[in-house]
Amino acid sequence: MQYTIRGVSPAVDAAIRRRARATGASLNQVANEVLAEGAGVGRDRPRRDLRDIAGSWTRDRAIDEALAAQDLVDEALWR
């Protein structure tokens, strides 16, 4: 299958070019790999975890109040 993709952001272009240079692969090959990974069908499907943010939560009164307000039930809506 052949695609023409327009509007590739400069950041994505730079990342693909860096990866191609680093691996010695063609831009086409790297673009195919990146598309496959993004679609969840790549060989080395990226793992997603939260290690970089786990344990970083800090208490904030305003946020606690906003979250608590979401737990309130408006009885008038249930009549």
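Student: How far apart are the closest N and O atoms in the salt bridge that Arg19 forms with Glu37?

Tutor: Good place to start! This is a predicted model, in which local features need pLDDT of at least 70 and side-chain atom pairs count only at pLDDT 80 or more, while totals for chains, interfaces and linings use all residues. Residues are numbered from 1 along each chain as its sequence is written, and side-chain values use heavy atoms, with hydrogens and water left out. A salt bridge is a side-chain nitrogen of Lys or Arg within 4 Å of a carboxyl oxygen of Asp or Glu, and the closest N and O atoms of Arg19 and Glu37 are separated by 2.7 Å.

Student: Which parts does that pair tie together?

Tutor: Look at where each partner sits: helices are DSSP runs (H or I, at least four residues), numbered from the N terminus. The partners are 18 residues apart in sequence, and because Arg19 lies in one helix and Glu37 in another, the pair ties together α1 and α2.

Student: Is Arg19 buried or exposed, or in between?

Tutor: The classes rest on relative accessible area: buried is under 20%, exposed is over 50%, and partly exposed is in between (1.4 Å probe, protein chains only). Glu37, its partner, is at 23% and so is partly exposed. Arg19 is at 27%, so the class for Arg19 is partly exposed.

Student: What is the N to O distance in the salt bridge of Glu33 and Arg19?

Tutor: Glu33 lies in helix α2 (residues 27-38) and Arg19 in helix α1, so this pair also links parts that are 14 residues apart in sequence. Their side chains meet with an N to O distance of 3.4 Å.

Student: How many salt bridges are in the whole structure?

Tutor: Let's add one more example: Asp64 pairs with Arg59, with the closest N and O atoms 3.5 Å apart. Asp64 is partly exposed because its relative accessible area is 26%, whereas Arg59 counts as exposed because its value is 69%. A search of the whole structure brings the count to 5.

Student: Which residues do salt bridges with shared partners join into one network?

Tutor: Arg19 bridges to Glu37, and the side chain of Glu33 meets Arg19 as well. Shared partners therefore give a network made of Arg19, Glu33 and Glu37.

Student: What volume does the largest pocket have?

Tutor: A pocket is an open set of points on a 1 Å grid where a 1.4 Å probe fits, with protein on both sides within 12 Å along at least five of seven lines; lining residues have an atom within 4 Å of a point. The space filled by probe spheres set on those points is the volume. For the largest pocket that comes to about 460 Å³.

Student: Which helix gives the largest share of its lining?

Tutor: The lining has 16 residues, and the closest to the centre are Ile5, Leu27, Ala31, Asn32 and Leu35. Ile5 is found in the segment before α1 (10-23), and at 53% relative accessibility Ile5 counts as exposed. Both α1 and α2 supply at least two lining residues, but the largest share, 6 residues, comes from α2.

Student: How far apart in space are Ala69 and Arg19, C-alpha to C-alpha?

Tutor: Ala69 sits in helix α3 (residues 61-70) and is partly exposed, with a relative accessible area of 44%. Along the sequence, Ala69 and Arg19 are 50 residues apart. In space, their C-alpha separation is 47 Å.
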